[in-house]
Structure formats: C-alpha cells, structure tokens
Amino acid sequence: MSDAVLEVENLTRRFGDFTAVDGISFEIRKGETFGFLGPNGAGKSTTIRMLCGVLAPTSGSARALGRDLFTQGQLVRARMGYMSQKSSLLTDLTVAENLAFFGSLYGLSGERLKAETTHRLREMQVWALRDQLVSSLSTGERQRVSLAAATLHEPEVLFLDEPTSGVDPLRRRLFWEAMADLIDDGMTILVTTHNLGEADQCDRLAFILGGRLVASGSPSRLKAGLGRRVLALRTPEYRRLQEAARAIPGVLSAVLQGRSVRLAYAEDGDPGAILRSVASLGLPFAPGEPELPSLEDVFVDLVDQGRIPR
Ligand SMILES: Nc1ncnc2c1ncn2[C@@H]1O[C@H](COP(=O)(O)OP(=O)(O)O)[C@@H](O)[C@H]1O
Ligand SMILES: [Mg+2]
C-alpha cells in the first residue's frame, strides 16, 4: 500500500489561453517535507491554491489523505492547513485575538482553543507577543504567528507558500527551527521557497518552471544525478582563474561563488589531472577536496540545459 498523503496527477490550470500549471504530477509521503523550488511566475502558488481548494483546476486530479480533493475535499479540508504567501493575519487585532479568530474558523473554542493557542504560540516562540497588535510585529514575527494560526487545528498536511520571503537569514533560521517540532510530530509539509539553503533541508524537492515539473528527488539525489563532482578553489585571482580554467580538458564548467571558483567535472573524471593543469596556470589558489554539486549547481545546470529561461 502506498503511504502517499498527497497524490497529484496531471494537474493543470489555465487562465484564458495562458497555462499557469501544466500537467504537474507528484506524490508526498507521510511525514515528508517536500519543497517546491522555482522562479517567480513558475506556477507554485497556483498549484498550492488548487490543492487548498481556493482555486478550481482546469484538469487533472489530486488525492489527499485518501480522498479525492476536488470532489470530496470538504471531508479532508479540516485536516489540512494553509499559510499563504501574503499574511492573512488581521493587523488591528492582537496575536491572541487572531488565533481566537482562526480557531473559530476551524471550529475550536473554550479549553481546547486555549490549550492549542498556548501550545502553538510557545512552539513558534511568539508567546511573549500574545497581547501585541499584529501591526506592531516585524515580518519575521508575523510569519511565525501565521504559522501558529495555520497549525492551530493540528492539521496532518500543511501547505506553506513562501513562508520566509522577505526576512533575513537569522529570522529564516528561527522559522525553520519553529518548524522542527511540526516535522518531528510527523506533519506532512509542502513548502515553496526561493532559498536553496531551505530547499536543502527538505526531504524531497521539485523544480517548477513554466508550469511544469522539470526535476524532482531528494537534494542528494538531485546533486548526484548530475553525474558530476566539483572542485572549489579559493583564490584572490578568481576572475582570471575562472577564465583560464574553462579551457582545461575535463572541466565542464567554472562558476564563481564568492572568491571561490567551482570547477565541475564528470564523476569518472580525474581531479588530480585538473588540479595539475590549474597549478600550471601560475595563479595562486588553495585547492579543495572533490565534493558533490550543490543545489545551486543543479539550478545552474537546469539553466544551461535550457530548461530555465535565462
Ligand atoms: N488569477 C490569475 N489570473 C491570471 N493569471 C494568473 C492568475 N494567478 C496567477 N496567474 C499567472 O500564473 C503564473 C503563475 O503564477 P504563480 O502560481 O503565482 O507563480 P509562483 O507562485 O511560482 O511565483 C504567473 O504568470 C501569474 O501571472
Ligand atoms: Mg508564489
């Protein structure tokens, strides 16, 4: 038996003659954190909005928790949570008032509402803010309050649409730390992000481009799937080294990352020979050990294959 919590098949959405989501299929297993990665306009939010029942699909099917989402959705919606890209908090209410409001939408009241509110606000590390107006909170704080609101009814499946957009890396880490308990509790999560560091924390990823799913798998499988290894060379002469290294036999690409040049070569290639060729250029550099490509390398490769428009 499949342990898929969410099964999406050939999901398509058109707006007039524009196809925003073009036959997307994927499965998410129980307890997985599944990341949607892709540039603006790729179709991530449209997909999520269809799965949340906010938007009707043009065609295709989706099952969640064993039910057909588009014909029996009302039977499972209460077991799903959604945090949209734009905060849906009411800014002139306090944090606690917001949670009471969202709780009532989910049918929570009395002691249960109180207990869940306390639990979630503490878990998201915003308990101290409970009597503050949402309008006085920072973006990062609002995002964690939004997450508390979206999980108040203990959903089994959670949709997070760019939950950390517009916050700095520290705030972003706080958000993911707050998520750790949810993940631990076995919640199944679909999260969209632009951030490759966040994507690396997901169990599996799907790259969405132009409404289509062009690559998917665990971060390590996607990286290994390139069939490449990378040598990261630190050098003060990074521009000259990058330029010259491109001509070295066996070097497939030379990409700058900070002051390092990342040389990609075939996984059955000879890193020793490449390093000797680099040394013969006469430029100073500190060699690194051969490593697997990063998600950024995967992304660059999808661009090079023409799967992502430049
Ligand atoms: N209601 C709508 N009417 C017309 N076009 C839309 C609508 N919603 C989204 N789109 C278009 O669909 C494409 C995908 O949008 P979206 O799913 O929001 O992308 P993403 O979330 O990946 O940035 C975009 O080109 C967007 O302009
Ligand atoms: Mg979006």
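**Exercise 1. Find which residues Phe207 is in contact with, leaving aside its neighbours within four places in sequence.**

Solution. Start from the rule: contact means heavy atoms within 4.5 Å. Next, set aside the neighbours of Phe207 within four places in sequence. What remains is Leu37, Arg212, Leu213, Val214, Ala215, Leu222, Val298, Phe299 and Leu302.

Before going on, a word on the model: it is predicted, so local features need pLDDT of at least 70 and side-chain atom pairs pLDDT 80 or more, while totals for chains, interfaces and linings use all residues. Residues are numbered from 1 along each chain as written, chains are lettered from A and ligands numbered from 1 in written order, and side-chain values use heavy atoms, without hydrogens and water.

**Exercise 2. Place Phe207 in the largest nonpolar core.**

Solution. First, the term: a nonpolar core is a set of buried Ala, Val, Leu, Ile, Met, Phe, Trp, Tyr and Cys residues joined through side-chain atoms within 4.5 Å. Buried means under 20% relative accessible area, exposed over 50%, and partly exposed in between, with a 1.4 Å probe and protein chains only. Now look at the largest core, which has 41 residues. Phe207 is one of the members that touch the most others, together with Val95, Leu99, Leu147, Leu158 and Leu160. Finally, a second, separate core holds 27 residues, including Val8, Val76, Phe159 and Leu190.

**Exercise 3. Work out the order of the strands in the open sheet.**

Solution. Strands (E, at least two residues) and helices (H or I, at least four) are DSSP runs numbered from the N terminus, and two strands pair if DSSP finds at least two bridges between them. Following the pairs gives 6 strands in the order β6-β7-β8-β3-β9-β10, with mixed pairing. At the edges, β6 (80-83) and β10 (212-217) each pair on one side only. Then zoom in on β7 (residues 157-161) and β8 (residues 188-193), which pair in the parallel sense over 5 bridges. In this pair, Val157 has Thr188 of β8 as its bridge partner.

**Exercise 4. Explain why Cys202 is in no bond with Cys52.**

Solution. A disulfide is a pair of cysteine sulfur atoms within 2.5 Å. A search of the whole structure finds 0 disulfides. For Cys202, the closest cysteine sulfur is in Cys52, 17 Å away, so the two are too far apart for a bond. As a last step, check burial: Cys52 counts as buried at 13% relative accessibility, and Cys202 counts as buried at 4%.
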